[in-house]
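Student: Could you take me through the place where the ligand sits, and tell me what surrounds it there?

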Amino acid sequence: MDESVKTMNEDKQTRPRGFTSDNIAGASPEVIAAITACASGQAVPYGNDELTRTVERQLAEVFEHAVDVFLVSTGSAANALALAAITPPWGSILSHADAHINRDECGAPEFYTAGAKLVQLPGGAGKIDIDALAANATRMAGDIHSVQPSSVSITQATEMGSVYALDEIKAIGHICRSANLPLHMDGARFANALVTLRCSPAEMTWKAGVDLVSFGATKNGTFGVDAVVSFRRDLASTIAFRQKRAGQLSSKMRFMAAQMDGYLRDGVWLRNATHANAMASALARGLALVPGVKIQQRPEANILFCRLPTSLIRGLLDMGFRFYHDRWEPGIVRFVTSFATTGADVSDLIGAATSLYAPIGSARVPAGAE
Ligand SMILES: *Cc1c(COP(=O)(O)O)cnc(C)c1O
């Protein structure tokens, strides 16, 4: 067999077919290099090393603000630590009903806050409805029988793949300030939202009223490090003690810092997010041309929700493609792209959907479905 053909076929066989989440990707070469570079020699433990100082400086520059930085191993830990620092046990955290803190963290925010209540707010496209927030921001405040509204958490980009516009964040920030509620941002996909808005990290956060951020990096190029970034210096010591108490103060913090350094240096994080988002857009454009596929919402970040006929879902699964389906509603499918998704991965999926459609519908396959 012709060697080049053989390689191509093998390539096609082994090309990744997973679109379940962006956490199935590996790590960026820059991050790998950074972690390798700090793997020899000695460093002071528990975050008192030079590299951790460097990352603190980098993030202060990124956010154009004095910040306290706490590197942790999961986004759930970042969220729970941040929320615990601003919510007493008798408090409530206001968030969207579909928020990761509400649906996907096994009660970690309740646990870390020693029992605060999560209040679920409605809203389209995974974003908190502003009127619902206003109505709940001071609800039962002062009533000894009720949990006290204590903090607000928004997800940027949202779990539905949408992105809050700056004006929307500002409006939420305004309500929070009026009601004296600290505002937390779950930025597991911070970079993906940022490059969509084409604004500065400062504009998307403290300038709009955000007090602290879970700055995600794991889904966009590191092995596994996220950061609590706080603009409120008065929260530093409570977060620090909570981090240690939660078993999140890594003794070899230099390796956490090295990942973040490799991620932030030379704009790797922004390039990665731009690429991931472009892959989701390309996927949406391609799938939109496949009859029977209905795009739920144009992806604003790197997550695409669509409605697919059952036969098409089955067919794609049989071909080895992986994605969440029928979790939200029957027929609803979620595809997530990452910094490591290639144009070929996307074309494979679109091509497969197109080829599966042919026997389902009439014989004709629409042209130009790539
Ligand atoms: C992935 C994710 C997190 C963090 O999840 P971990 O598995 O704990 O790292 C937090 N928020 C959102 C919206 C996420 O998608």
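Tutor: What follows begins with the ligand and its shell, and then moves outward to the pocket, the cavity and two backbone details.

This is a predicted model, in which local features need pLDDT of at least 70 and side-chain atom pairs count only at pLDDT 80 or more, while totals for chains, interfaces and linings use all residues. Residues are numbered from 1 along each chain as its sequence is written, and side-chain values use heavy atoms, with hydrogens and water left out.

The shell around the ligand (residues with a heavy atom within 4 Å of it) is made up of Thr74, Gly75, Ser76, Asn79, His100, Glu105, Thr155, Glu159, Asp186, Ala188, Arg189 and Lys219. By class, this shell has 1 nonpolar, 6 polar and 5 charged residues, where Ala, Val, Leu, Ile, Met, Phe, Trp, Tyr, Cys and Pro count as nonpolar, Asp, Glu, Lys and Arg as charged, and the others, Gly among them, as polar. Helix 4, residues 75-86, gives the largest share of the shell, 3 residues; helices (H or I, at least four residues) and strands (E, at least two) are DSSP runs, numbered from the N terminus.

Among the polar contacts with the ligand (pairs of N or O atoms within 3.5 Å), the side chain of Ser76 places an N or O atom 2.6 Å from a ligand oxygen, and the side chain of Lys219 likewise has an N or O atom 2.6 Å from an oxygen of the ligand. For Arg189, a polar side-chain atom lies 3.0 Å from a ligand oxygen. Of the 380 Å² of accessible area that the ligand has on its own, the protein covers 81%, with areas taken from the Shrake-Rupley method with a 1.4 Å probe.

The ligand takes up space in the largest pocket, and a molecule is said to sit in a pocket if more than half of its atoms lie within 2 Å of its grid points. On a 1 Å grid over the protein atoms alone, a pocket is an open set of points with protein on both sides within 12 Å along at least five of seven lines, a cavity is a set where a 1.4 Å probe fits but cannot get out, and lining residues have an atom within 4 Å of a point. The largest pocket holds about 690 Å³ of space, and of its 32 lining residues, His100, Asp104, Arg189, Lys219 and Arg334 are the closest to its centre. Its lining comprises 8 nonpolar, 13 polar and 11 charged residues, and helix 4 again provides the largest share, 3 residues.

There is also 1 cavity of 30 Å³ or more, a volume being the space filled by probe spheres set on the grid points, which are joined across faces, edges and corners. Residues that line the largest cavity include Thr155 and Glu159, which also belong to the ligand shell, and strand 4, residues 148-155, gives the most to this lining, with 3 residues.

Finally, the peptide bond from Gln156 to Ala157 is cis, with omega near -5°, and Ala157 is in the loop between strand 4 and helix 8. Cys106, in the loop between helix 5 and helix 6, has a positive phi of about 55° although it is not a glycine.

Conventions:
Polar contact = N/O pair within 3.5 Å; in protein donor to acceptor, adjacent residues only side chain to side chain.
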